[in-house]
Amino acid sequence: MATGPRYNVAFRRRREGRTNYYARRKLLTGGKLRVVVRRSSRNVNIQFEEFKMEGDRAIVAATSKELIKYGWNQSRSNIPAAYLTGYLAGKKALKAGINLAILDIGMQNPKYGGVLFATVAGMCDAGLEIPHGDNVLPEKSRLNGAHINENIAAAVTETIRRVEAE
């Protein structure tokens, strides 16, 4: 590894491949609220964040773990669960007075019609305005879980009804 006074070591998160600072700067200079979507192997997390010099501040957050409270007992990392988590986050954001947000998926690999864009479909159906292309969203049958099991479609509509009732 090069050493000396003329060698600059890249930021740690850049070296680890966790942050693309060029893309982050473009998102932050827009001045709009960001909706940060992160997916793990078990859950989907959504946060509405605003930039502060001392650190980003989360205004509203929703996670697929919260779906258990609404009667969801299926997987929490598939497309229907991501759609419901996006719907829940959208309803929470509307209550907090948020109407517009810019999508921030970080260093995740976007797949058209995948889990990340299912969250966008849920937030848009809840009433939020999130700029996106129409060809990236999953089909309605996949959002309802018809590709997995017929019973999941009923569970999705029941969970939406419970979120609306709250």
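In which strand is D104 found? I began with this residue in the predicted model, and I noted that D104 is found in strand β4.

**Entry 1: D104**

I looked up the accessibility of D104 and found a relative accessible area of 9%, under the 20% limit, so the residue is buried. I then searched for polar partners and recorded a polar contact of 2.6 Å between the side chains of D104 and R34. Leaving aside the neighbours within four places in sequence, I listed L27, R34, V35, V36, V37 and R38 as the residues in contact with D104. Within the strand pairing, I saw that V36 stands opposite D104.

**Entry 2: I102**

I moved to I102, which lies in the same strand as written in my table, β4, covering residues 102-104. Its relative accessible area is 25%, which falls between the 20% and 50% limits, and therefore I entered I102 as partly exposed. Apart from neighbours within four places in sequence, I102 is in contact with L27, K32, L33, R34, V35 and P131. I also checked I102 against F48, which is 54 residues away along the chain, and the C-alpha atoms of the two are separated by 9.3 Å.

**Entry 3: the sheet**

I traced four strands in an open sheet, in the order β3-β2-β1-β4 and with mixed pairing. Because β3 and β4 stand at the edges, each with a single partner strand, one side of each has no neighbour in the sheet. On average, neighbouring strands of this sheet are turned by 25° against each other, direction ignored. For the pair β1 and β4, I noted that the strands run parallel and are joined by three bridges.

**Entry 4: helices against the sheet**

I next looked at the helices, and found that α4 packs on the sheet, where it touches β1, β2 and β4, with its direction at about 140° to that of β1. Helix α3 lies across β2 and β3, and runs at about 140° to β3.

**Entry 5: the core**

Which residues touch the most other members of the largest nonpolar core? I found that this core has 41 residues, and that V35, I46, F48, W72, L103 and M123 are the ones with the most such neighbours. The elements giving two or more residues to this core are β1, β2, β3, α3, α4 and α6, and α3 gives the most, with nine residues. I followed M123 further and, leaving aside neighbours within four places in sequence, listed its contacts as V35, V37, I46, F48, G86, Y87, G90, L128 and I130.

Conventions: Residues numbered from 1 in each chain as written. Predicted model: local features only at pLDDT ≥ 70, side-chain atom pairs only at ≥ 80, totals over all residues. Heavy atoms only, no water. Buried < 20%, exposed > 50% of the residue type's maximum accessible area, 1.4 Å probe, protein only. Contact = heavy atoms within 4.5 Å. Core = buried A, V, L, I, M, F, W, Y, C linked by side-chain atoms within 4.5 Å. Pairing = 2+ DSSP bridges. Axes fitted to C-alpha atoms, helices over the stretch in contact; angles between N-to-C directions. Polar contact = N/O pair within 3.5 Å; in protein donor to acceptor, adjacent residues only side chain to side chain.
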